[in-house]
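User: I am new to reading protein models and would like a close look at one part of this one.

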Amino acid sequence: MQADVRIHRLFKPAPLCDIPMKMPAVLFLTFLVAPAFVPVASAPATAEPAPPPQRRGDQVEAFEARRKGKILPLREIERRIVPQMRGAQYLGVELESYTGIYTLKFLRDGTVIWVEVDGASGRIIGRTGN
């Protein structure tokens, strides 16, 4: 009979007066500390870091240099250089607006080739790779 009373007591709700006075303090601390343990949504750990944003000033400088005739247009540079790179795949270009140097990137037989071109004259001034 004693066991039945103990079992029934487990399923019977406790009156409010049986709750210890420490319970509100524990609940308060739980809500105070809980936000520190809530996971924050973030990028996956395997994601590569984002490239640094291109400065707006670089684009403006390049546009102004082209407009003033200080550097040749990209299409002119490509027209001169790409045909010289027979057997290589043209991947793209970067312009260093401060120096006016175009860097064209090519791929041939698994090797990356960088060709630096003077933006003012269109002449090749440097090359890495095959």
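Where is the place of P73? Please also describe the sheet that the following helix lies across.

Analyst: The model is a predicted one. P73 sits in the loop that joins helix 3, residues 56-67, to helix 4.

Start with the surroundings of P73. Its relative accessibility is 26%, and P73 therefore counts as partly exposed; a residue is called buried under 20% and exposed over 50%. If neighbours within four places in sequence are left aside, P73 is in contact with R66 and Y102. R66 falls within helix 3, whose residues are 56-67, while Y102 falls within strand 2, residues 101-108. There is also a distance to note: P73 and F63 are 10 residues apart along the chain, and their C-alpha atoms are separated by 9.6 Å.

After the loop comes helix 4, made of residues 74-81. Helix 4 lies across strand 1, strand 2, strand 3 and strand 4, and it runs at about 45° to strand 2.

Now the sheet itself. It is an open sheet of 4 strands in the order 1-2-3-4, and the pairing is antiparallel. Strand 1 (89-96) and strand 4 (124-128) are at the edges; each has a single partner strand, so one side of each has no neighbour in the sheet. On average, neighbouring strands of this sheet are turned by 20° against each other, direction ignored.

One pair of strands can be followed residue by residue. Strand 3 and strand 4 are paired in the antiparallel sense over 4 bridges. Among the bridge partners, W114 is matched with T128 in strand 4, and V117 is matched with I124 in strand 4. The two strands form a hairpin with 5 residues between them. In the turn of this hairpin, G122 has a positive phi of about 85°.

Finally, look at the beginning of strand 3, which covers residues 111-118 and includes T111. The relative accessibility of T111 is 28%, so T111 counts as partly exposed, the class that also applies to P73. T111 and G129 are 18 residues apart along the chain, yet 6.8 Å separates their C-alpha atoms.

To put the part together: P73 is in the loop before helix 4, helix 4 lies across the four strands, and strand 3 and strand 4 form a hairpin.

Terms used
Residues numbered from 1 in each chain as written. Predicted model: local features only at pLDDT ≥ 70, side-chain atom pairs only at ≥ 80, totals over all residues. Heavy atoms only, no water. Buried < 20%, exposed > 50% of the residue type's maximum accessible area, 1.4 Å probe, protein only. Pairing = 2+ DSSP bridges. Axes fitted to C-alpha atoms, helices over the stretch in contact; angles between N-to-C directions. Contact = heavy atoms within 4.5 Å.
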